[in-house]
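Trainee: Could you take me through this structure and show me how the labels people use are earned?

Mentor: Sure, let's have it in front of us.

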Amino acid sequence: MKNKHLLNFCILSVLVVFCFLALGFEPAFATARFGTGCQKEYQNGWLATLDYNWDRCGWFNNELDDTDTKVFYYNLHGAKWWWEEGGDSGTLDNVNLFYASTHGGAWGDISVWAMWNQNQLADSSRMRLGNNSYGLSILATYSCETLKFSDDKMWTRMGPIFRGGLRIAVGSHDKLYDSYTTDEVGEDFADNLQGSNTIKWSWKDAVSDWSADQDATVMATGTNRADCENRRDNMKWQNYSSGYPRLRDGQIGWYCYWYWNNL
């Protein structure tokens, strides 16, 4: 619920909370392109198993591909290279929306997303999205803390990603949970997008849960404060490219976010 001028890794389980570590040119397609990257279990048990992740991700795919084009659905085995700059042109930047669910965290100057491989993390400082291939516009990650702002380092961590032209990111500034009550988050998010709801509201509604206290966050950029807030609050799956020009590097004059605690 704040605006900013530019300038430990947690674990949650079925109600013992697993913190989750939790998108070039514009497409000339009647339907948009999306991809998914998710992981349930981790090499040598280096992170706790997320028992409901395949449901959360598979159901997102099954809903959104009723109206749009699924380009890929990958697990996170050896995935670090295709999340980060240099490998993303065939994956994250090859779609308009990328949805992921894995363990996540934020510390120092980086946000991170866990890969299957032991001790392997995709690092926000090595990511630049929106500048290759189709160019990612919407980054949605069901992962803890990756949009953390409490230490005033949100832009330090996420700036490298947004400078490529990413339009909006949704995730969490704190905790998200893996349980049978949250297995429909992906499906609900996709359904809300299809219903022409704003991306902001679609995420908030999907993450809300009757049992777990979920923390949700939405982040965007703009040329100034008013532009940023307009993009953050009004962007939809149906208008993100036609109504909101892509901003890169020096075109970005402001970043803004909105958050909800204990949804």
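What follows is a chat about a predicted model.

Trainee: Let's start with glutamine 214. Where is glutamine 214 found?

Mentor: Look in the loop between helix 5 (199-207) and strand 10 (216-222).

Trainee: And why is glutamine 214 called buried?

Mentor: Its relative accessible area is 0%. Buried means under 20%, so glutamine 214 counts as buried.

Trainee: Which residues is glutamine 214 in contact with, leaving aside its neighbours within four places in sequence?

Mentor: Among them are Tyr142, Lys175, Thr182, Asp209 and Trp260. Glutamine 214 also has serine 172 at 8.4 Å, C-alpha to C-alpha, though the two are 42 residues apart in sequence.

Trainee: What does the side chain of glutamine 214 reach?

Mentor: Two backbone atoms, for example: the nitrogen of tyrosine 177 at 2.8 Å and the oxygen of valine 207 at 3.2 Å. The cut-off for a polar contact is 3.5 Å, and 2.8 Å for tyrosine 177 and 3.2 Å for valine 207 are within it.

Trainee: On to the helices. What makes helix 1 roughly parallel to helix 4?

Mentor: Helix 1 (residues 53-64) and helix 4 (residues 185-194) pack at an angle of about 25°, with axes 6 Å apart. Angles under 35 degrees count as roughly parallel, so helix 1 gets that label with helix 4. Their crossing is right-handed.

Trainee: Which residues of helix 1 meet helix 4?

Mentor: Arg56, Trp59, Phe60, Glu63 and Leu64 do, and on the helix 4 side their partners include Val185, Phe189 and Gln194. By class, the residues of this contact divide into 6 nonpolar, 2 polar and 4 charged.

Trainee: Why are helix 4 and helix 5 called roughly antiparallel?

Mentor: Their axes cross at roughly 150° and come within 8 Å. Over 145 degrees counts as roughly antiparallel, so the label fits helix 4 and helix 5. This crossing is right-handed.

Trainee: Which residues of helix 4 meet helix 5?

Mentor: Val185, Asp188, Phe189, Asn192 and Leu193, and they meet residues including Trp201, Trp203 and Val207 in helix 5. The contact of helix 4 with helix 5 has 8 nonpolar, 2 polar and 2 charged residues.

Trainee: How do you know that helix 3 is mostly covered?

Mentor: Just count: of the 9 residues in helix 3 (residues 154-162), 8 are buried. Met154, Trp155 and Phe162 are among them.

Trainee: What covers the buried residues of helix 3?

Mentor: The cover includes strand 5 (104-107), strand 6 (110-114), strand 9 (168-171), strand 10 and strand 11 (254-260).

Trainee: One more spot. Where does glutamate 145 lie, and what is said of its phi?

Mentor: Glutamate 145 sits in the loop between strand 8 (138-142) and helix 3. Its phi is positive, about 70°, although glutamate 145 is not a glycine. That gets a mention because most residues other than glycine have a negative phi.

Trainee: Is glutamate 145 buried or exposed?

Mentor: Set the value against the cut-off: glutamate 145 has 10% relative accessibility, and buried is under 20%. So glutamate 145 counts as buried.

Trainee: What about the phi of aspartate 152?

Mentor: That phi is positive too, about 65°, and aspartate 152 is not a glycine either. You'll find aspartate 152 in the loop between strand 8 and helix 3.

Conventions:
Residues are numbered from 1 along each chain as its sequence is written. This is a predicted model: local features need pLDDT of at least 70, side-chain atom pairs count only at pLDDT 80 or more; totals for chains, interfaces and linings use all residues. Side-chain values use heavy atoms; hydrogens and water are left out. Helices (H or I, at least four residues) and strands (E, at least two) are DSSP runs, numbered from the N terminus. Buried means under 20% relative accessible area, exposed over 50%, partly exposed in between (1.4 Å probe, protein chains only). Contact means heavy atoms within 4.5 Å. A polar contact is a pair of N or O atoms within 3.5 Å; within protein, one must be able to donate a hydrogen and the other to accept it, and residues adjacent in sequence count only if both atoms are side-chain atoms. Axes are lines fitted to C-alpha atoms, for helices over the stretch in contact, and angles run from 0 to 180 degrees between N-to-C directions. Angles under 35 degrees count as roughly parallel, over 145 as roughly antiparallel, 65 to 115 as roughly perpendicular and the rest as oblique. A crossing is left-handed if the near helix is turned anticlockwise from the far one by less than a right angle, and right-handed if clockwise. Ala, Val, Leu, Ile, Met, Phe, Trp, Tyr, Cys and Pro count as nonpolar, Asp, Glu, Lys and Arg as charged, and the others, Gly among them, as polar.
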